[in-house]
Amino acid sequence: MARTTTLPWDPAEHVEKEEDMAAYLEAALEEGDPSLVAAALGDLARAKGMTQLARETGLGRESLYKALSHAGSPEFSTVLKVVGALGLRLHAASAGAKSTG
C-alpha cells in the first residue's frame, strides 16, 4: 500500500483578500463555537501580520497571539478591535434569515 504524506496546512497562508477573510470568519461564526471564532481571528491576524495588527489595535502582539488562539478567550472589545483592523465588520441578522453572501 502506498504511503500518504501529509503536510501542515495553515489557513493564514490562504486568505489574501478581505472577501476571503470575511467568508472565513463567517464560517467560524456559523459554527457557534467561541474558541473556533478566536482561532479563526488568530489565523486572519497572522495572515495580515500580527505586528501590524498589534500596532493598529493598540494591543500587545504577545497578548493577541494568546487571546486569538484556540485556547484563548478574548474580550469582546478585543474582538471588535481586531475585526476592525482586519477591515471587516460584524453585523446581526435574524436567525431565520438566509445568508446573502
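Let's begin with one residue: Q52 is partly exposed, with 34% of relative accessible area. Q52 belongs to helix α3. Its C-alpha atom is separated by 9.2 Å from that of A85, although Q52 and A85 are 33 residues apart along the chain. Before going further, please keep in mind that this is a predicted model.

## The chain as a whole

What does the secondary structure of the chain come to? There are five helices and zero strands. If you follow the sequence, the pattern reads α-α-α-α-α. Taken along the principal axes, the C-alpha atoms of the chain fill a box of roughly 50 × 40 × 25 Å. The chain has 101 residues, and buried residues make up 31% of them. Turning to contacts between residues at least 6 apart in sequence, 53% join residues at least 24 apart.

## How the helices pack

Three helix pairs are set out here, each with its angle and the separation of its axes.

| Helix pair | Angle | Axes |
|---|---|---|
| α1 and α2 | roughly 165° | within 8 Å |
| α2 and α3 | about 100° | 6 Å apart |
| α3 and α5 | about 115° | 9 Å apart |

### α1 with α2

Helix α1 covers residues 18-31 and helix α2 covers residues 34-48. How do these two helices run relative to each other, parallel or antiparallel? Their axes cross at roughly 165°, and α1 and α2 are therefore roughly antiparallel. The crossing of this pair is right-handed.

On the α1 side, the residues that meet α2 are M21, Y24, L25, A28, L29 and E31. Their counterparts in α2 are L36, V37, A40, L41, D43, L44, A47 and K48. Sorted by class, this contact has 11 nonpolar residues, no polar residues and three charged residues.

### α2 with α3

Moving along the chain, α2 also packs with α3, at an angle of about 100°. These two helices are therefore roughly perpendicular to each other. In α2, the residues taking part are G42, A45, R46 and K48, and they meet M50, Q52, L53 and E56 in α3. By class, the contact of α2 with α3 divides into three nonpolar, two polar and three charged residues.

Here you meet Q52 again, as one of the α3 residues in this contact. K48 is listed in this contact with α3, and K48 is also listed in the contact of α2 with α1.

### α3 with α5

Helix α3 (residues 50-57) packs with helix α5 (residues 76-85) at an angle of about 115°. That makes α3 roughly perpendicular to α5. The crossing of α3 and α5 is right-handed.

Which residues of the two helices meet? From α3 come L53, E56 and T57, while α5 brings K81, V82 and A85. The residues of this contact divide into three nonpolar, one polar and two charged. L53 and E56 of α3 take part here, and L53 and E56 are also listed in the contact of α3 with α2.

## Three residues to look at

Is T78 buried or exposed? This residue lies in helix α5. T78 counts as buried, because its relative accessibility is 13% and buried means under 20%. Leaving aside its neighbours within four places in sequence, T78 is in contact with L59 and L64.

S35 lies in helix α2. With a relative accessible area of 19%, S35 is buried. The side chain of S35 makes a polar contact of 2.8 Å with the side chain of D33. When neighbours within four places in sequence are left aside, S35 is in contact with S69 and H70.

Where is G32 found? You can find G32 in the loop between α1 and α2. G32 is exposed, with a relative accessible area of 60%. G32 and H14 are 18 residues apart in sequence, and their C-alpha atoms are 23 Å apart in space.

## Putting it together

To recap, α1 and α2 are roughly antiparallel, α2 and α3 are roughly perpendicular, and α3 is roughly perpendicular to α5. As for single residues, T78 is buried, S35 is buried, Q52 is partly exposed and G32 is exposed.

Note on methods: Residues are numbered from 1 along each chain as its sequence is written. This is a predicted model: local features need pLDDT of at least 70, side-chain atom pairs count only at pLDDT 80 or more; totals for chains, interfaces and linings use all residues. Side-chain values use heavy atoms; hydrogens and water are left out. Axes are lines fitted to C-alpha atoms, for helices over the stretch in contact, and angles run from 0 to 180 degrees between N-to-C directions. Helices (H or I, at least four residues) and strands (E, at least two) are DSSP runs, numbered from the N terminus. Angles under 35 degrees count as roughly parallel, over 145 as roughly antiparallel, 65 to 115 as roughly perpendicular and the rest as oblique. A crossing is left-handed if the near helix is turned anticlockwise from the far one by less than a right angle, and right-handed if clockwise. Contact means heavy atoms within 4.5 Å. Ala, Val, Leu, Ile, Met, Phe, Trp, Tyr, Cys and Pro count as nonpolar, Asp, Glu, Lys and Arg as charged, and the others, Gly among them, as polar. Buried means under 20% relative accessible area, exposed over 50%, partly exposed in between (1.4 Å probe, protein chains only). A polar contact is a pair of N or O atoms within 3.5 Å; within protein, one must be able to donate a hydrogen and the other to accept it, and residues adjacent in sequence count only if both atoms are side-chain atoms.
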